[in-house]
There are 2 protein chains.
Amino acid sequence: MFKANEEYLKLPGSYLFSTIAKKTKAYTDAHPEASIIRLGIGDVTQPLPGAVIDALHKAVEEQAHAETFRGYAPDLGYSFLREIMAKEDYAARGCDIGADEIFISDGAKSDSANIQEIFAPECKIAVCDPVYPVYVDSNVMAGRTGTYDPDTQSWSNVIYMPCTAQNGFTPDFPDETPDMIYLCSPNNPTGAAMSRDSLQAWVDYANRVGAVILYDSAYEAYISEENIPHTIYECEGARTCAIELRSFSKNAGFTGLRLGTTVIPKDLCDRSGHALHPLWARRHGTKYNGAPYIVQRAGEAVYSPEGKAQVRQIIEGYMKNARFIRESLAEMGYEVYGGVNSPYIWLRTPGDMTSWAFFDHLLADANVVGTPGSGFGPAGEHYFRLTAFGSYENSVEAMRRIAKM
Amino acid sequence: MFKANEEYLKLPGSYLFSTIAKKTKAYTDAHPEASIIRLGIGDVTQPLPGAVIDALHKAVEEQAHAETFRGYAPDLGYSFLREIMAKEDYAARGCDIGADEIFISDGAKSDSANIQEIFAPECKIAVCDPVYPVYVDSNVMAGRTGTYDPDTQSWSNVIYMPCTAQNGFTPDFPDETPDMIYLCSPNNPTGAAMSRDSLQAWVDYANRVGAVILYDSAYEAYISEENIPHTIYECEGARTCAIELRSFSKNAGFTGLRLGTTVIPKDLCDRSGHALHPLWARRHGTKYNGAPYIVQRAGEAVYSPEGKAQVRQIIEGYMKNARFIRESLAEMGYEVYGGVNSPYIWLRTPGDMTSWAFFDHLLADANVVGTPGSGFGPAGEHYFRLTAFGSYENSVEAMRRIAKM
């Protein structure tokens with residue numbers, strides 16, 4: 001008789017953001033009059049840029065006529081999008097990435113969950129702690145993480161790299177050698193960004209020990225400081241050790257439109273010389289059917305002169321919120337991190353309050369929804385994440401309420 | 001050092017439709033003057049219905065304003081779409097399927113590839129032979145299929161159920177008991193549709209032996225005869241043994257827009273009583289981020305009175321092609337199947353010609369691209385698939401050229 005996948009059954013509780021949504025719904029059901037400000041899940045609130053809207057309308061119109069109708073997209077994405085990305089995101093930064101090394105998908109979340117599939121089940125993963133839950137949970141589902149210890153909130157077969165105020169939220173090389181290393185910079189949830197030297201050191205380390213770096217650069221558009229790399233391929237040697245995941249969600253507001261990319265250099269091979277590029281191509285061809293034509297045209301518009309200017313303006317708006325939240329909390333006496341090269345503000349909960357206790361406190365007493373740091377891993381306990389993705393008015397109002405708590 | 005997933009390396013050659021695309025490209029590169037008619041991959045050619053275009057424009061406009069902008073979609077899909085589907089696809093046919101048992105996704109291909117993930121690795125699959133390659137290939141990638149024998153073109157740990165002219169292309173119960181049974185009706189590639197009695201017998205069998213049926217109904221809109229079920233939930237007992245996969249691609253022309261659904265009744269449990277519904281919900285929440293809002297609105301429009309009428313008209317157009325192709329080939333003396341309840345025509349290759357030899361012959365001598373039956377499994381050898389998704393003019397021209405070969 002058929003049997004469910006037991007690895008799935010090992011997952012404790014439900015996915016972090018689903019839990020937050022349920023708790024928030026329970027609160028609003030009980031307090032229908034409450035005006036909730038959502039600074040929890042990292043969803044954008046600004047509408048799509050005009051250039052993107054125009055491109056969408058135009059592409060929809062093409063789909064209305066037989067002569068211009070497009071059915072199945074090419075497996076790996078339309079070349080108009082792959083080529084503009086190769087030029088603008090890589091060549092313009094001096095990085096050697098070909099258009100045929102860029103895979104278009106429905107978002108960095110799917111890709112960051114699915115990418116582990118092309119690796120052997122016995123590969124050992126290393127993750128920052130705290131970390132975006134998808135990296136760990138997708139490996140749990142694949143049976144790669146051992147057993148869960150509810151006391152330490154950790155998996156027996158995962159190498160955790162604590163990122164705390166002590167190390168500036170930049171991970172140290174682990175004692176045990178990993179096969180797959182997940183890095184995210186600017187970081188979700190801590191908001192910290194790795195310097196070029198730090199990232200180069202990680203690339204050198206990965207090449208030395210034979211590990212692959214799965215590099216999530218979803219927030220690169222928020223980098224405001226010099227000397228922070230926008231892509232891992234700015235580092236020497238990254239072509240032989242790194243896969244990069246990019247997103248259109250956090251720059252151009254595509255959270256509800258769905259578009260992302262994964263870059264796999266053709267030089268990237270495992271210990272037996274098996275290149276990873278054809279494996280991911282095979283996965284795309286077999287388990288996926290391409291991002292919608294109209295959405296790929298929308299992605300292309302992000303790189304037009306108008307698109308670029310509009311995206312820049314949206315990001316500046318969010319970063320104004322980030323600055324305001326960061327400075328307000330600091331004034332209130334909170335210990336605050338992030339918010340400079342990223343839309344996330346990472347704060348220490350007051351006193352000995354757990355992350356979830358602070359979540360409940362904030363929801364009940366300020367009607368503000370944030371994200372408990374412990375939801376991102378054991379070292380996130382006693383931390384809390386707020387996002388700058390609300391409107392300016394809401395960010396101001398949230399700070400006013402928190403100051404009054 | 002990291003290691004690639006060896007299961008991926010077991011896959012022989014590349015994905016069928018990628019191979020066809022490559023062969024066709026090689027031919028057109030060598031013969032740029034050739035006017036190719038593509039009746040190979042099952043891609044539609046008619047533009048999107050007017051009701052869908054209108055819904056897309058309207059939803060795009062909503063995304064242009066902060067008050068109506070929508071970011072991340074609900075994990076499992078917007079309720080406006082799930083509810084209309086529960087009503088129109090199920091309640092209207094007397095089937096008891098709740099809106100919360102319907103999961104919205106980016107297409108039936110992704111879902112049919114991913115659904116195996118929620119089952120234990122030791123589950124044994126049964127597939128029709130010939131079969132849509134995604135069912136088998138996704139299980140190969142998961143390590144469920146044993147070893148490949150190139151001589152018989154089959155996997156050691158897969159139960160094949162031959163579907164040939166002898167059994168009317170309806171599979172018999174296998175000698176060995178499977179855990180997971182893939183069924184597709186109307187069938188891709190053979191074009192055969194299961195009668196209500198046949199499908200009820202399979203539901204009874206699955207409940208008796210404790211197997212789950214993964215039922216692909218992507219082509220249900222093409223059913224023209226009475227007594228052919230449009231959903232497996234028309235059969236008694238299906239709620240405890242069947243998952244259904246639906247598509248918007250082949251009815252409403254969404255191949256380039258991407259929208260599909262998977263139905264998992266809440267009663268469906270494995271031998272230990274583990275319900276499958278929460279596992280798929282967990283997969284959606286962790287590895288997927290929802291279908292685009294604008295595309296879900298487009299899906300909703302398919303169920304409006306105008307949408308329904310327009311979809312009906314498109315399907316009638318394709319079925320006119322199907323009838324023409326079927327009757328023309330029969331007149332030429334080909335042994336022809338399908339094309340009555342499905343857009344696929346399944347023919348026997350002339351003489352002793354292999355499927356790929358007939359592919360090359362058709363490409364070179366009629367400039368028509370079809371799909372070799374052997375690409376769908378060993379029992380597909382000496383068969384060939386043509387689709388009715390071209391224009392009427394192209395279907396007529398293709399038959400004219402084939403008649404002259």
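**Close-up 1. Strand E9 of chain B in the predicted model, a strand largely enclosed by the rest of the structure.** Strand E9 of chain B covers residues 242–247, and 6 of its 6 residues are buried, so the strand is largely enclosed by the rest of the structure. The model is a predicted one, and in it B:Ala242, B:Glu244 and B:Arg246 point one way from E9(B), while B:Ile243, B:Leu245 and B:Ser247 point the other way, all of them being buried.

**Close-up 2. The pairing of E9(B) with strands E8 and E10 of chain B.** Strand E8 of chain B, residues 212–216, runs parallel to E9(B) and is joined to it by 4 bridges; here B:Asp216 stands opposite B:Leu245 of E9(B). Strand E10 of chain B, residues 260–263, also pairs with E9(B) over 4 bridges, but in the antiparallel sense, and in E10(B) the bridge partner of B:Leu245 is B:Thr262.

**Close-up 3. An open antiparallel sheet of 4 strands in chain B.** The strands of this sheet follow one another in the order E11-E12-E15-E14, and their pairing is antiparallel. Its edges are formed by strand E11 (336–338) and strand E14 (371–372) of chain B, each of which pairs on one side only. Between E11(B) and strand E12 of chain B, residues 344–348, the antiparallel pairing extends over 3 bridges, and B:Gly338 has B:Ile345 in E12(B) as its bridge partner.

**Close-up 4. The contact between helices H11 and H13 of chain B.** The axes of helix H11 (residues 305–331) and helix H13 (residues 392–404) of chain B come within 9 Å and cross at roughly 10 degrees; because angles under 35 degrees count as roughly parallel, H11(B) and H13(B) are therefore roughly parallel to each other. On the side of H11(B) the contact is made by B:Gly317, B:Lys320, B:Asn321, B:Phe324, B:Ile325 and B:Ser328, and on the side of H13(B) by B:Tyr392, B:Ser395, B:Val396 and B:Met399. Sorted by class, the residues in the contact of H11(B) with H13(B) are 5 nonpolar, 4 polar and 1 charged.

**Close-up 5. The axis relating chain A and chain B.** A turn of 180 degrees, with a shift of 0.0 Å along the axis, lays chain B on chain A with an RMSD of 0.0 Å, which is the relation of a two-fold axis. In chain B the C-alpha nearest this axis belongs to B:His57, at 3.1 Å from it. Of the interface residues of chain B, 100% are also interface residues in chain A, so the copies meet through the same surface.

Technical notes:
Residues numbered from 1 in each chain as written. Chains lettered and ligands numbered in written order. Predicted model: local features only at pLDDT ≥ 70, side-chain atom pairs only at ≥ 80, totals over all residues. Pairing = 2+ DSSP bridges. Helix = DSSP H or I, 4+ residues; strand = E, 2+ residues; numbered from the N terminus. Buried ≥ 20, exposed ≤ 12 C-beta atoms within 10 Å, placed from the backbone. Least-squares fit on C-alpha atoms with pLDDT ≥ 70 in both. Contact = placed C-beta atoms within 7 Å. Axes fitted to C-alpha atoms, helices over the stretch in contact; angles between N-to-C directions. Parallel < 35°, antiparallel > 145°, perpendicular 65-115°, else oblique. Nonpolar A, V, L, I, M, F, W, Y, C, P; charged D, E, K, R; others polar.
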